[in-house]
2 protein chains.
Amino acid sequence: MTQPDMPTPPWERPPRRRTPARVPLTRERIVDAAYTVLDREGYDRLSMRQVAAELGVAVSALYVHVRDKGELLQLMYNRMFEGYELPDPDPGRWREQIRDFARQGRRRLLSHRDAVKISLGRVPFSPELLPHVEKLLAVFAAAGLPREVMAIAGDLLSTYLDGFVLEEVLWQDRYPESGGKAPQEMREEIQGYFASLPPDRFPNLVALADIMVDESNDYRFELGLEIILRGLASYIAGPDPDEES
Amino acid sequence: MTQPDMPTPPWERPPRRRTPARVPLTRERIVDAAYTVLDREGYDRLSMRQVAAELGVAVSALYVHVRDKGELLQLMYNRMFEGYELPDPDPGRWREQIRDFARQGRRRLLSHRDAVKISLGRVPFSPELLPHVEKLLAVFAAAGLPREVMAIAGDLLSTYLDGFVLEEVLWQDRYPESGGKAPQEMREEIQGYFASLPPDRFPNLVALADIMVDESNDYRFELGLEIILRGLASYIAGPDPDEES
DNA sequence: AGTTTACCCTGAACACTGTTCAGTTCCCAA
DNA sequence: TTGGGAACTGAACAGTGTTCAGGGTAAACT
């Protein structure tokens, strides 16, 4: 409504505030602080009091801007989607586009400590996030998926995303703050655990010990993704019936 | 060990306890009580104090039998798998067997309120649960899946299970205790929400409004499952190349 | 100018949570 | 009868989310 960049005419009183005194609290600043606390303390110790302390403010001040801790978490969830890139659907490249989407999602979930635990039980159906869902659906539609498959494909993908990343960070959490060389030690220990099982009772687990906890989470992620993509592709009544026949 | 129904011979000291006094606390009884509380109060209100109250016992008594609330939750998780039926692998029927496994899992996750929230971040790698994992892997192995695919297939399936059921119960929770006719109202409201979106900006969402929140969660579940199964099947160098050709 | 209004924030409180620990109680064995 | 030892109690501690009556400041009005 007002045009903030216009110079103030001299007959109007100049704005009183010479020093900004206190930077006013905003939802954005609160979410920023919350992410700072999350990265430092982890999800379990992310409390309203910690966030308030981070801002140098009383706890109750937060409740002026945010109804709930639940709402704060929802705001943090929304932020995960800011700047998400979803290209315009290209029927010929739908697999690559979905792959990009998933990789981007995983990267974001890993970019803040325990971010996945916030994402976990949430569904991107708030007004701010619906455009993202719509774009994803558009990719599916362009690919030629049937309606019913489209309606479940998004769930399938996002549950895989959340679930996979959650498992990733759980393994990390179980070996907490072991410093830098933790991953190596960790993996050897877990591999050792599986490999040391009685092979007569657990032949498959023993045989897979090397892969199940493997250094290349990336590879396992891509493989799971590929399985989903192949499953989806099988529903496309393709004009290209040249399937290995 | 003892035979409780035999009369006590008079030369033996009759058991001192005329009144059974206290039934001793056991892990089993604690888990029972915890499930009672869970069903009545939901996951968020499942507290050690509530469990203790359910048993008519002081809170601290629980900690004699259980290290943690975390351990209690783990015990509850383990119980979900008791009586799980996993048949011996039958290469010709691996799809049906996996389907059964998933359906059974969903049924169990829905059989107690919020049970899925306990399952969520957990991985069935405790000693009691490894046999189940092994059996599932055996089915995959019999199907002829490559090693790497086997190693991710379990994750894929269980994250889909947890994720799908979680979404199911979240929708229910958002319309809390609305009595019996809630589902109908609920669905209409949600469908209305999606259907009322501006169709120019959300064409796909609007078009799918009827399916996305549909009465047949069962159907959507089966479809997602089928997508996974088809994806897995595509990795089988099948001796049966009679795919719809 | 002085007064009022409106807002943002403070401090304290409430009802919870998980967990610990010094004691009490009680049963079984010697 | 007399331990001994396990099982349980009651109280406490530190922390949680949330509310609410009150400050204190800055703008708005008379």
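**Exercise 1. Base contacts of DNA strand C**

Find which side chain has an N or O atom 2.5 Å from a base oxygen of DNA strand C, and place the contact in its surroundings.

*Solution.*
Step 1. In this predicted model, the side chain of A:S60 has an N or O atom 2.5 Å from a base oxygen of DNA strand C.
Step 2. Next come the base nitrogens. A polar side-chain atom of B:R49 is found 2.5 Å from one base nitrogen of the strand, and for A:R49 the distance between a side-chain N or O atom and a base nitrogen is 3.3 Å. Polar contacts are counted within 3.5 Å.
Step 3. Now assign the surface near the strand to secondary structure. Two or more residues come from each of these elements: α3 (59-65) of chain A, and α2 (48-55) and α3 (59-65) of chain B. With four residues, α3(A) contributes the most.

**Exercise 2. The whole surface near DNA strand C**

State how many residues surround DNA strand C, and sort the surface near it by class.

*Solution.*
Step 1. The strand is surrounded by 19 residues. The closest are A:A58, A:S60, A:H65, B:R49 and B:K69.
Step 2. On the DNA side, sugar and phosphate make up 48% of the strand's atoms that come within 4 Å of the protein.
Step 3. Sorting the protein side by class gives nine nonpolar, four polar and six charged residues.

**Exercise 3. Aromatic pairs**

Classify the ring pairs A:F81 with A:Y84 and A:Y160 with A:F164, and decide for each residue whether it is buried or exposed.

*Solution.*
Step 1. Over all chains, the structure contains 18 aromatic pairs.
Step 2. The rings of A:F81 and A:Y84 are 5.9 Å apart, centre to centre, with 25° between their planes, and the pair is stacked. Both A:F81 and A:Y84 are buried.
Step 3. For A:Y160 and A:F164, the ring centres are 5.7 Å apart and the planes lie at 55°, so this pair is tilted. The class follows because planes under 30 degrees apart count as stacked, over 60 as edge-to-face and the rest as tilted.
Step 4. Locate the tilted pair in the sequence. A:Y160 and A:F164 are separated by about one helical turn, because they are four residues apart in helix α8 (residues 147-174) of chain A.
Step 5. Check burial against the cut-off of under 20% relative accessible area. A:Y160 has 1% and is buried; A:F164 has 4% and is likewise buried.
Step 6. Return to A:F81 and A:Y84: ring pairs join them with A:Y77 and A:F101 in a cluster.

**Exercise 4. Relating the two chains**

Determine what operation lays chain B on chain A, and where charges sit over rings.

*Solution.*
Step 1. A turn of 180° with a shift of 0.0 Å along the axis lays chain B on chain A, at an RMSD of 0.0 Å.
Step 2. The two copies are therefore related as by a two-fold rotation axis.
Step 3. In chain B, the residue closest to this axis is B:G231, whose C-alpha is 1.9 Å away.
Step 4. The charged end of A:R230 sits over the ring of B:Y235, 3.9 Å from the ring centre. B:R230 lies over the face of A:Y235, also with 3.9 Å to the ring centre.

**Exercise 5. The fold of chain A**

Give the secondary structure of chain A and the share of its residues that count as buried.

*Solution.*
Step 1. Chain A has 12 helices and zero strands.
Step 2. Of its 245 residues, 42% count as buried.

Terms used:
Residues are numbered from 1 along each chain as its sequence is written. Chains are lettered from A and ligands numbered from 1 in the order in which they are written. This is a predicted model: local features need pLDDT of at least 70, side-chain atom pairs count only at pLDDT 80 or more; totals for chains, interfaces and linings use all residues. Side-chain values use heavy atoms; hydrogens and water are left out. A residue is near a molecule or strand if one of its heavy atoms lies within 4 Å of it. A polar contact is a pair of N or O atoms within 3.5 Å; within protein, one must be able to donate a hydrogen and the other to accept it, and residues adjacent in sequence count only if both atoms are side-chain atoms. Ala, Val, Leu, Ile, Met, Phe, Trp, Tyr, Cys and Pro count as nonpolar, Asp, Glu, Lys and Arg as charged, and the others, Gly among them, as polar. Rings of Phe, Tyr and Trp (its six-membered ring) pair if their centres lie within 6.5 Å; planes under 30 degrees apart count as stacked, over 60 as edge-to-face and the rest as tilted. Buried means under 20% relative accessible area, exposed over 50%, partly exposed in between (1.4 Å probe, protein chains only). A charge sits over a ring if NZ of Lys or CZ of Arg is within 6 Å of the ring centre and within 35 degrees of the ring normal. Copies are superposed by least squares on the C-alpha atoms of residues with pLDDT of at least 70 in both.
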